[in-house]
Amino acid sequence: MNTTSMTIIKSKTPYSGVSCPQTKHILLQEELEKVLKSHSEQLNLWFTLDKPPQDRKYSSGFVNADMMKEHLPLVSNDVLIVMCGPPPMTQHPWRPNLSTLGYKTENTFTYW
C-alpha cells in the first residue's frame, strides 16, 4: 500500500475515488480493491475505462454526471473534490458535471 493510501486510512478520512484512464487497465487496481475490501466503510472507489474488456463490473466510457452522483460524496461545504488529469478531461467532463450537481468551484482542486 502506498503512503497516500496509508495516510487516508490512518486519518479515518472518508475517501471516494473515480479513476478514468484511457488504457485497457487501471494502475494498481488490484491493490486498491484490497484496500477497499478491508476499509469499505471509509472508501468508495469506482473505475471506468474508455474501451474496457468485455467482462468488467465497472463502467465504460467517459465520466458523466450520473456516474459522479452515484460514486462521489453528497454536495457539502466540507467535501473537497480533487481532480488529476489533463485539462481537456478536467475542464470538460468534470467541471461542468460537478457544477450541474451543485458542487462549488471553491470545493474543487485540480492538478496535473
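# Exposed, paired, patched: reading the terms

Trainee: What makes Glu106 count as exposed?

Mentor: Its relative accessibility is 61%. Exposed means over 50% relative accessible area, buried means under 20%, and partly exposed is what falls in between, with a 1.4 Å probe and protein chains only. The value for Glu106 passes the upper cut-off, so Glu106 is exposed.

Trainee: What kind of model is this, and how are residues numbered?

Mentor: It is a predicted model, in which local features need pLDDT of at least 70, side-chain atom pairs count only at pLDDT 80 or more, and totals for chains, interfaces and linings use all residues. Residues are numbered from 1 along each chain as its sequence is written, and side-chain values use heavy atoms, leaving out hydrogens and water.

Trainee: Where does Glu106 lie?

Mentor: In the loop between α4 (87-101) and β5. Helices (H or I, at least four residues) and strands (E, at least two) are DSSP runs, numbered from the N terminus. The C-alpha atoms of Glu106 and Leu80 are 8.5 Å apart, with their positions 26 residues apart along the chain.

Trainee: What is the order of elements along the chain?

Mentor: From the N terminus, α-β-α-β-β-α-β-α-β. That gives four helices and five strands.

Trainee: How do you know which strands form the open sheet?

Mentor: By bridges. Two strands pair if DSSP finds at least two bridges between them. Five bridges join β1 to β2, and β2 and β3 pair over two. Both counts meet the cut-off, so both pairs stand. The sheet order is β1-β2-β3, with parallel pairing.

Trainee: What makes β1 and β3 edge strands?

Mentor: Each pairs on one side only. Across the β1-β2 pairing, Ser16 has Asn44 in β2 as its bridge partner. Across β2-β3, Thr48 stands opposite Ser59, and Leu49 stands opposite Ser60.

Trainee: Why is β2 called largely enclosed?

Mentor: Six of its seven residues are buried, so the rest of the structure largely encloses β2. Phe47 is an example: its relative accessible area is 2%, so Phe47 falls under the cut-off for buried.

Trainee: Why is the pair of Phe47 and Tyr58 called edge-to-face?

Mentor: Take distance, then angle. Rings of Phe, Tyr and Trp (its six-membered ring) pair if their centres lie within 6.5 Å; planes under 30 degrees apart count as stacked, over 60 as edge-to-face and the rest as tilted. Here the centres are 4.8 Å apart and the planes 85°. The distance qualifies and the angle is over 60, so the pair is edge-to-face.

Trainee: What does that pair tie together?

Mentor: Phe47 sits in strand β2 (residues 43-49) and Tyr58 in the loop between β2 and β3 (59-60), so the pair ties parts that are eleven residues apart in sequence. Tyr58 is buried too, at 11%. The structure holds three aromatic pairs. Ring pairs link Trp46, Phe47 and Tyr58 into a cluster.

Trainee: Which residues does Gln29 touch?

Mentor: Phe47, Arg56 and Tyr58, leaving aside residues up to four places away in sequence. Touching is contact, which means heavy atoms within 4.5 Å. Gln29 lies in helix α2 (residues 29-38). Its relative accessible area is 17%, so Gln29 still counts as buried.

Trainee: What makes Leu80, Val82, Phe109 and Tyr111 a patch?

Mentor: Patches need residues with over 30% relative accessible area and no salt bridge; like charges are joined within 9 Å, nonpolar side chains (Val, Leu, Ile, Met, Phe, Trp, Tyr) within 5 Å. A salt bridge is a side-chain nitrogen of Lys or Arg within 4 Å of a carboxyl oxygen of Asp or Glu. Tyr111, in strand β5 (residues 108-111), has 42% and counts as partly exposed. That is over 30%, so Tyr111 meets the area cut-off for a patch. Together the four have about 410 Å² of accessible area, by the Shrake-Rupley method with a 1.4 Å probe; for residues, only the protein chains shown count as cover.

Trainee: Is Pro96 buried or partly exposed?

Mentor: Partly exposed, at 39%. Pro96 is in helix α4. Its C-alpha atom is 8.7 Å from that of Ala65, 31 residues away along the chain.
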